[in-house]
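Let's walk through this protein together, starting with its overall layout and then stopping at a few residues along the way. Keep the viewer open as you read.

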Amino acid sequence: MNNISIVLRDLEFSDTGKYTCHVKNPKENNLQHHATIFLQVVDRLEEVDNTVTLIILAVVGGVIGLLILILLIKKLVIFILKKTREKKKECLVSSSGNDNTENGLPGSKAEEKPPSKV
C-alpha cells in the first residue's frame, strides 16, 4: 500500500553510484521525504546452488531430532521402570495391620496343638 517501486532499464556500468529520491505526499500536506540508495550495476546475477547446504542442514537437523527423540524415550522408560518398582515395593508391605501372631500362621506366637494320637 505504501510501497514505491522504480524499474530501471538499459543500465550501463557507468550508472553505478549514489542516488537520492525525493517524494511529496499530498496526504501529509506535501511533506517531503527522501531516501538515498547506492546503485551497483552488475553484469548478471550469479545463481548459487544451495543443494549441498540444504542437504547438510537436513542431516544435522535430522540427527538433532533423533537425539532428542532418543532422550525422550529414555526418560519415558526410566519413568515407567521407576513407577513399576514403586508398585512392587507397595505390594511387599501389608497394609492390613495384622501380623502372623493373630493369624495363627507358622512361626507365630500362637499356641501349637499337640500331635493327635491315633
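What follows goes from the whole chain to its strands, its helix and some single residues.

Please keep in mind that this is a predicted model. The protein chain holds two helices and two strands, and from the N terminus these elements come in the order β-β-α-α. How much of the chain is buried? Of its 118 residues, 3% count as buried. The accessible surface of the protein chain amounts to about 12,300 Å², and carbon and sulfur atoms account for 59% of that area. As for contacts, take those in the protein chain between residues at least 6 apart in sequence: 24% of them link residues at least 24 apart.

Start your tour ahead of the strands, in the segment before E1, where you will find Asp10. Its backbone is worth a look: the phi of Asp10 is near 50°, a positive value in a residue other than glycine. Most residues other than glycine have a negative phi. Asp10 has a relative accessibility of 77%, so this residue counts as exposed.

Now move on to the strands. Strand E1 covers residues 17–25 and strand E2 covers residues 31–39; the two run antiparallel and are joined by nine bridges. To see the pairing for yourself, find Thr20, which stands opposite Thr36 in E2. Between the strands of this hairpin lie five residues, and Asn29 in the hairpin takes a positive phi near 55°.

While you are in strand E1, pause at Val23, which lies there. Is Val23 buried or exposed? The answer falls in between: the relative accessibility of Val23 is 28%, so Val23 counts as partly exposed. Leaving aside residues up to four places away in sequence, Val23 touches Ile4, Leu31, Gln32 and His33. In the case of Ile4, the two residues are 19 apart in sequence, and their C-alpha atoms are 9.9 Å apart in space. In a regular strand, side chains alternate between the two faces of the sheet.

Next comes helix H1, which spans residues 51–92. An unreviewed UniProt entry lists residues 52–73 as a "transmembrane region". In the model, that span is 100% helix and 0% strand, and its end C-alpha atoms lie 31 Å apart.

Turn to the surface and you can pick out a nonpolar patch of about 900 Å². Which residues make this nonpolar surface patch? They are Ile55, Val59, Val63, Leu66, Leu67, Leu69, Ile70, Ile73, Val77 and Leu81. Leu81, one of these patch residues, is found in helix H1. With a relative accessible area of 42%, Leu81 is partly exposed.

Finally, let's look at charges. Side chains of opposite charge can pair when their charged atoms come close. How many salt bridges does a search of the whole structure find? The search finds one. This salt bridge is formed by Lys83 with Glu86, whose closest N and O atoms are 4.0 Å apart. Both Lys83 and Glu86 lie in helix H1, three residues apart, which is about one turn of the helix. Lys83 counts as partly exposed because its relative accessibility is 42%, and Glu86 is likewise partly exposed, with a relative accessible area of 37%.

Note on methods:
Residues are numbered from 1 along each chain as its sequence is written. This is a predicted model: local features need pLDDT of at least 70, side-chain atom pairs count only at pLDDT 80 or more; totals for chains, interfaces and linings use all residues. Side-chain values use heavy atoms; hydrogens and water are left out. Helices (H or I, at least four residues) and strands (E, at least two) are DSSP runs, numbered from the N terminus. Buried means under 20% relative accessible area, exposed over 50%, partly exposed in between (1.4 Å probe, protein chains only). Contact means heavy atoms within 4.5 Å. Accessible areas come from the Shrake-Rupley method with a 1.4 Å probe; for residues, only the protein chains shown count as cover. UniProt positions are given in the numbering used here, feature names are shortened, and annotations may be inferred rather than shown by experiment. Two strands pair if DSSP finds at least two bridges between them. Patches are made of residues with over 30% relative accessible area and no salt bridge: like charges are joined within 9 Å, nonpolar side chains (Val, Leu, Ile, Met, Phe, Trp, Tyr) within 5 Å. A salt bridge is a side-chain nitrogen of Lys or Arg within 4 Å of a carboxyl oxygen of Asp or Glu.
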